[in-house]
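Got the model open on your screen? Let's take a walk through it together, from one odd spot in the backbone out to the whole fold.

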Amino acid sequence: MVDDQPLIEARDMGVYRSNRWLVRHVDVKVLRGQLVYIIGANGAGKSTTAKALLGLITFDEGEIKRLPGLKVGYVPQRLQINPTLPLTMRRLLRLTKRYAQADIDHALTAVGLQRLGNPFVSTLSGGEFQRLLLAQALLARPDLLLLDEPAQGVDAAGADKLHNVIDGIRNELGCGVLCISHDLQLAMDTGDDFLVLVPHEHDVIDIA
């Protein structure tokens, strides 16, 4: 269910580094229950925009508002794990914090991995591994999920399964989802809203 109060919102936001604008005139907001995409080719500033929205880097113009106490769950584009490590699925979920078994079971069920038991991470498919990272993000019961190219390197069947899982999660938890992607068609087909970024080539400007 969509709430009218934005979890996060940027108005006319810009990031200026090394005598050029990395992104500029960005307007985007995510409501609770919404799936919003940041779309663009390499170099368009997708990651820069996401980092600015979350307060990981400073922005140089415009404004960004975040819900007080906003909890964010992050799913990276890829996570390299040494395949020789004897790391099981459930052990990975406990690396940063000792969550209750019931919470882990619930997170794995939410992403469709409970049926696998507790295999070694090295045996998971690309799609299963991305869903495991999603389960890890869910353990903190976030208000906002940030997904960085979640289907990158995942086959078509796995990508479809992943997006179905994401849709189910936002409906169950009522969280907002901000998804970085290069797939405009997917954003148009499945998103509630989307922001399209293009490589920014403004003239050098003194913003002081």
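Asp 12 is partly exposed, with a relative accessible area of 36%; here partly exposed is the range between buried (under 20% relative accessible area) and exposed (over 50%), using a 1.4 Å probe and protein chains only. What makes Asp 12 worth a look is its positive phi of about 50°, although it is not a glycine. Most residues other than glycine have a negative phi. Asp 12 sits in strand β1, where strands are DSSP runs of E with at least two residues, helices are runs of H or I with at least four residues, and both are numbered from the N terminus.

His 25 is another residue of this kind: not a glycine, yet with a positive phi of about 60°. You'll find His 25 in strand β2, and it is partly exposed, at a relative accessible area of 44%.

A word on ground rules before going on. This is a predicted model, in which local features need pLDDT of at least 70 and side-chain atom pairs count only at pLDDT 80 or more, while totals for chains, interfaces and linings use all residues. Residues are numbered from 1 along each chain as its sequence is written, and side-chain values use heavy atoms, with hydrogens and water left out.

Back to those two strands. β1 and β2 form a hairpin with 2 residues between them, and Ser 18 in the turn has a positive phi of about 50°. The two strands pair antiparallel over 8 bridges; pairing here takes at least two bridges found by DSSP. Arg 17 stands opposite Arg 20 of β2. On the other pairing, β1 (residues 6-17) is joined to β4 by 5 bridges, again antiparallel, and Ala 10 has Ile 64 in β4 as its bridge partner.

Put those pairings together and you get an open sheet of 3 strands in the order β2-β1-β4, with antiparallel pairing. β2 (20-31) and β4 (61-66) each have a single partner strand, so they stand at the edges with one side left without a neighbour in the sheet. On average, neighbouring strands of this sheet are turned by 15° against each other, direction ignored; the axes behind such angles are lines fitted to C-alpha atoms (for helices, over the stretch in contact), and angles run from 0 to 180 degrees between N-to-C directions.

What packs on this sheet? Helix α1 (residues 46-54) does, touching β1, β2 and β4, with its direction at about 120° to that of β1; a contact means heavy atoms within 4.5 Å. The buried residues of α1 are Lys 46, Thr 48, Thr 49, Ala 50, Ala 52 and Leu 53. Just after α1, Gly 55 takes a positive phi of about 85°.

Now move along to helix α3 (residues 101-110), where Ile 104, Ala 107 and Leu 108 are buried. Looking down the axis of α3, its buried residues fall within an arc of 95°, so they line one face of the helix; that arc is taken from the directions from the helix axis to the C-beta atoms. Their cover includes α2 (89-93) and α4 (126-138). After α3 comes Gly 112, with a positive phi near 80°.

Leu 108 also leads into the largest nonpolar core, which has 34 residues; those with the most contacts inside it are Leu 108, Val 111, Leu 132, Leu 134, Leu 145, Leu 147 and Ile 169. Such a core is a set of buried Ala, Val, Leu, Ile, Met, Phe, Trp, Tyr and Cys residues joined through side-chain atoms within 4.5 Å. At least two residues of this core come from each of β3 (35-39), α2, α3, α4, β6 (144-148), α5 (156-173) and β7 (176-181). Its largest share, 7 residues, is supplied by α4. Leaving out residues up to four places away in sequence, Leu 108 touches Met 89, Arg 90, Leu 93, Leu 113, Gln 114, Leu 132 and Ala 135. Another core, of 24 residues, lies apart from this one and has Ile 8, Ala 10, Val 30 and Ala 50 among its members.

Finally, zoom out. The protein chain has 6 helices and 8 strands, and buried residues make up 46% of its 208 residues. Among contacts with a separation of 6 or more, 75% are between residues 24 or more positions apart. The C-alpha atoms fill a box of roughly 55 × 40 × 35 Å, taken along the principal axes.
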